[in-house]
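This note is intended for a colleague who is meeting the structure for the first time. The points below concern the pairing of the chains, the sheets and some local features of the backbone.

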Number of protein chains: 2
Amino acid sequence: MSGHPFDAAIALQPGGEDGFTGQTSPAYANFIGPYGGITAAQCLNAVLQHPGRLGDPVAFTVNFAAAVADGSFTLRPRAARTNRSTQHWIVEMVQGEEVVATATALTALRRPTWSGHEAHMPKAPPPHEVPRTQRRGVAWLERYDMRFLLGMIPRDWDGQGAEESLSRLWVRDDPPRPLDFASLAALCDVFFPRIWLRRARQTPLGTVSMTVYFHADAAGLRSAGSGFLLAQARGQGFGGGYFDHTGQLWTEQGTLLATTHQVMYYKE
Amino acid sequence: MSGHPFDAAIALQPGGEDGFTGQTSPAYANFIGPYGGITAAQCLNAVLQHPGRLGDPVAFTVNFAAAVADGSFTLRPRAARTNRSTQHWIVEMVQGEEVVATATALTALRRPTWSGHEAHMPKAPPPHEVPRTQRRGVAWLERYDMRFLLGMIPRDWDGQGAEESLSRLWVRDDPPRPLDFASLAALCDVFFPRIWLRRARQTPLGTVSMTVYFHADAAGLRSAGSGFLLAQARGQGFGGGYFDHTGQLWTEQGTLLATTHQVMYYKE
């Protein structure tokens, strides 16, 4: 995997007081600052790289507290509680003296149990039969091969929005890269803002909090390889400057890998 | 509101190093330790009671790190970042020297914007036409008037589970109490474990992380008064010892108040 821009973007160096330092990556730049998914992956990677970590991530919440400036940052992961098979982490991302992101993570030694996913993958034509959706303008869009099935960004910003904001797409890293927890966390943020579908209007906005529940362990993610994932998201509540969405990601074979939710700020 | 068991249960006293102390409440006891919803409400109340708080809660995640022992606890809320109209909190709940829960919260000054909730309330007979569901055995169940419409706990623990785990119920505090952020956070945890519906088997389990997105400000919650809320939840992924659900809560008039997600540990 060496040489992949994702690995370069989430690379951390040990640095002082049980923390890490890292650098923002021009390859994952958004309109202002970095793609939120890469910030999420960096925060999670601080847990994954910590020598005291127990098990695999199960639940992960990242809060985007301020714009991340281009340049270096410090990550401070701390195990607030370690049990026999679970561990609770608090992470802070700092630039200068300012916190720019916070996160919590639950890691756990997962054991085989009864299983039976209830969120089934919707029927979809296979990814090789769906043309790649061309989306340009910012660097991070080039880092993902997206193939929209439903709920693409409005063609005309004419204010004639839709009643519903369901989007569904095939997506994988570009160039392809074997899936792991950090890249799956980043993929959970690929959904463009649901409010664009509802309003067909552009307005200043940004994600303020995102949660990911992982439904596979490290071996389960490895078996997904570098294939496409089917990703979908749907808006729920919109008002008072904030809206949320709920989403799911499946392997091409239909195995649920992650469920995710986020809330975005918007103006007007 | 004085004298309501919920107010007594979430009451906090200022105590050392910018923190608070509180006591678990027998009125909200669960099988082992307190009802998770009351622990969530206590963590959120530490933010709500903090003199430095800016605005109303928008996003709130609580992680149940260990069993909360009956008795006293300390809450340590800290504003990790304060912006012009938003604030990011980290909270730790401590007993002795051990962290038993962690939480993050985003509070914000909400402003009027375009709004248009997409998660619509399903049709349901009004609460006064639905008989109260009798659920006994632990104290906290008596603190809520629940009226199930769909997906009640299995009558027989015969291992013959259902394909789907959707539950829908009317619910309010008992005795009735005007809704606020703390009580709404607690109400987000009223759903019994989805895996009971799927398996019709009892197995050791517990919530490990819950997220709530609030879709109303303080005035919006006040207007809900002490009426019933329609609450629903549905499981998503089940495997490797963890499952999640996604849920929504509406006023009797059909206004979306909160969306919520949680992940539970289970054995076997």
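**Notes on the predicted model**

1. A salt bridge links the side chains of R198(A) and E118(B), with 3.3 Å from N to O. The model is a predicted one, and the distance is a value computed from it. Across the interface of chain B and chain A, the rule finds six salt bridges in total. E118(B) also appears among the residues of chain B that lose the most area to chain A, the others being W114(B) and Q236(B).

2. A further salt bridge is formed by the side chains of R78(A) and E92(B), at 3.0 Å from N to O. This pair crosses between chains: R78(A) belongs to strand β4 (residues 72-82) of chain A, while E92(B) belongs to strand β5 (residues 86-95) of chain B. Over all chains, the count by this rule comes to 18 salt bridges.

3. How are the two chains related? A turn of 180 degrees, with a shift of 0.0 Å along the axis, lays chain B on chain A with an RMSD of 0.0 Å. That is the relation of a two-fold axis. The same surface serves both copies, since 100% of the contact residues of chain B recur in chain A.

4. The extent of the interface may be stated in two ways. In residues, the contact takes 63 from chain B and 63 from chain A. The size of an interface is often given as the accessible area lost when the parts come together. In those terms, chain B and chain A bury about 5,000 Å² between them, and 53% of this lies on carbon and sulfur atoms. On the side of chain B, W114(B), E118(B) and Q236(B) lose the most area to chain A, and together they account for 16% of what that side buries.

5. Polar contacts should be considered as well. Between chain B and chain A, 49 residue pairs are in polar contact, counting pairs with both residues at pLDDT 80 or more. Which strand supplies the largest share of the side of chain B that touches chain A? Strand β6 (residues 98-108) of chain B does, with seven residues. By character, the residues of that side divide into 23 nonpolar, 26 polar and 14 charged.

6. Chain A contains an open sheet of twelve strands with antiparallel pairing, in the order β1-β2-β4-β5-β6-β3-β9-β12-β11-β10-β8-β7. Its edge strands are β1 (13-14) and β7 (144-150) of chain A, each of which pairs on one side only. Within the sheet, strand β5 (residues 86-95) and strand β6 (residues 98-108) of chain A run antiparallel and are joined by ten bridges. In this pairing E92(A) stands opposite T102(A) in β6(A).

7. In chain B, too, there is an open sheet of twelve strands, antiparallel in its pairing and ordered β1-β2-β4-β5-β6-β3-β9-β12-β11-β10-β8-β7. At its edges stand β1 (13-14) and β7 of chain B, each with a single partner strand, so one side of each is left without a neighbour in the sheet. Strand β4 (residues 72-82) of chain B runs antiparallel to β5(B), and eight bridges join the two. The bridge partner of R81(B) in β5(B) is H88(B).

8. The loop between β7 (144-150) and β8 (167-173) of chain B holds G151(B). What does G151(B) touch, leaving aside its neighbours within four places in sequence? The residues in contact with G151(B) are L166(B), S167(B), F192(B) and L197(B). P178(B) lies 27 residues from G151(B) along the chain, and their C-alpha atoms are separated by 27 Å.

9. Some backbone features merit a reader's attention. Most residues other than glycine have a negative phi, and most peptide bonds are trans. The peptide bond from D174(A) to P175(A) is cis, with omega near 0 degrees, and P175(A) is placed in the loop between β8 (167-173) and α3 (181-187) of chain A. In chain B, the bond from D174(B) to P175(B) is cis, with omega near 0 degrees; P175(B) lies in the loop between β8 and α3 (181-187) of that chain.

10. Finally, A200(B) is not a glycine, yet it has a positive phi of about 50 degrees. The position of A200(B) is in the loop between α4 (194-199) and β9 (205-214) of chain B.

Notes. Residues numbered from 1 in each chain as written. Chains lettered and ligands numbered in written order. Predicted model: local features only at pLDDT ≥ 70, side-chain atom pairs only at ≥ 80, totals over all residues. Heavy atoms only, no water. Least-squares fit on C-alpha atoms with pLDDT ≥ 70 in both. Contact = heavy atoms within 4.5 Å. Buried area = accessible area lost by both parts, 1.4 Å probe. Salt bridge = Lys/Arg side-chain N within 4 Å of Asp/Glu carboxyl O. Polar contact = N/O pair within 3.5 Å; in protein donor to acceptor, adjacent residues only side chain to side chain. Helix = DSSP H or I, 4+ residues; strand = E, 2+ residues; numbered from the N terminus. Nonpolar A, V, L, I, M, F, W, Y, C, P; charged D, E, K, R; others polar. Pairing = 2+ DSSP bridges.
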